[in-house]
Amino acid sequence: MENIRDNLEEVRKNIKIACEKVNRNPNDVTLIAVTKTIDDAIVNESLKYDITDIGENKPQEVQRKFDLITKKVKWHLIGHLQRNKVKYIIDKVDLIHSVDSERLAMEINNRALGIGKVMDILIQLNISNEETKFGIDRDALDTLLLSISNMANIRVRGLMTMAPYLENPEDTRWIFKKMKEIFEDLKDNEYNNIQMDYLSMGMTNDYMIAIEEGANLIRIGTGIYGERDYSK
Ligand SMILES: *Cc1c(COP(=O)(O)O)cnc(C)c1O
């Protein structure tokens with residue numbers, strides 16, 4: 001546990017450093033602790049250190065963990081979401097980061113309607129067109145936003161991207177820059193269910209660069225909990 005506390009301290013120090021570099025307020029950056037593969041007891045312990053938001057990449061894991069996590073936190077679904085899994089998480093998560101098709105959006109809208117909820121989502125973009133399988137191209141974004149604008153039980157709150165893992169995180173800077181540009185362009189949109197509040201980008205390897213370029217939601221797993229053990 002002590003190393004998790006130290007890791008968190010380090011991450012928060014780095015957030016501050018990155019913010020200072022570009023004159024941003026560190027309070028504008030929300031840290032999402034990515035708890036995938038991490039033991040429930042360890043997650044519960046770690047939440048004592050002022051963690052307010054957690055992220056899971058698998059719907060089944062959200063479902064399994066939901067009642068085991070004792071602290072009231074915001075839940076983020078950050079990984080790829082299949083349509084047939086939406087029903088398991090619709091009542092549990094606060095923000096879905098990974099919407100990348102009209103069909104998925106329609107399913108979320110229908111399920112949200114069914115439980116009387118307006119679901120906050122982000123659109124996942126694929127900027128680099130390599131490695132990452134998920135997310136849509138910039139070219140497809142306007143069409144998707146237009147169709148979502150007719151879905152009353154969805155509110156688009158911003159954009160998400162996952163940069164490829166590169167040895168030198170500086171090499172991903174252009175991706176974050178591009179994201180910020182698109183994010184700013186979309187702020188003056190005419191749709192009332194599309195409101196550009198969140199720019200979700202930056203993981204353990206590249207979050208300082210992402211923050212410098214404007215990220216306000218960062219998703220950190222390894223940097224808090226250490227290397228994941230996928231064999232469990
Ligand atoms: C696992 C994961 C993260 C966290 O990755 P780390 O490199 O461990 O910080 C962030 N975002 C998504 C979508 C993930 O699946």
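This is a short tour of the structure, stop by stop, with a selection to make at each one.

Before you start, note that the model is predicted: local features need pLDDT of at least 70, side-chain atom pairs count only at pLDDT 80 or more, and totals for chains, interfaces and linings use all residues. Residues are numbered from 1 along each chain as its sequence is written, and side-chain values use heavy atoms, with hydrogens and water left out.

**Stop 1: strand 4**

Select residues 95-99, which form strand 4. Strands here are DSSP runs of E with at least two residues, and helices are runs of H or I with at least four, both numbered from the N terminus. Five of the five residues in strand 4 are buried, meaning under 20% relative accessible area with a 1.4 Å probe and protein chains only (exposed is over 50%, partly exposed in between).

Now add strand 3, residues 74-77, which runs parallel to strand 4 and is joined to it by two bridges; pairing requires at least two DSSP bridges between the strands. Next add strand 5, residues 119-125, which pairs with strand 4 in the parallel sense over three bridges. Click on Ile96: Leu77 is its bridge partner, and Ile121 in strand 5 stands opposite Ile96.

Show helix 5 (residues 102-114) as well, and you have a right-handed β-α-β unit made of strand 4, helix 5 and strand 5. Right-handed means that, with the strands pointing away from you, the path from the first strand over the helix to the second runs clockwise.

**Stop 2: the ligand**

Select the ligand and the residues with a heavy atom within 4 Å of it; among them are Val34, Lys36, Asn57, Met162 and Arg228. Then look at the polar contacts (pairs of N or O atoms within 3.5 Å). A polar side-chain atom of Arg219 is 2.8 Å from a ligand nitrogen. A polar backbone atom of Gly221 lies 2.9 Å from a ligand oxygen, and a side-chain N or O atom of Thr222 is 2.5 Å from an oxygen atom of the ligand. The ligand taken alone exposes 390 Å², of which the protein buries 92% (Shrake-Rupley areas, 1.4 Å probe).

**Stop 3: helix 6**

Move to residues 138-148 and colour Leu141, Leu144, Leu145, Ser147 and Ile148, which are buried. Look down the axis of helix 6: its buried residues fall within an arc of 160 degrees, so they line one face. That arc is taken from the directions from the helix axis to the C-beta atoms. On the face turned away from the buried side, find the exposed residues Asp139 and Thr143.

Methods. Polar contact = N/O pair within 3.5 Å; in protein donor to acceptor, adjacent residues only side chain to side chain.
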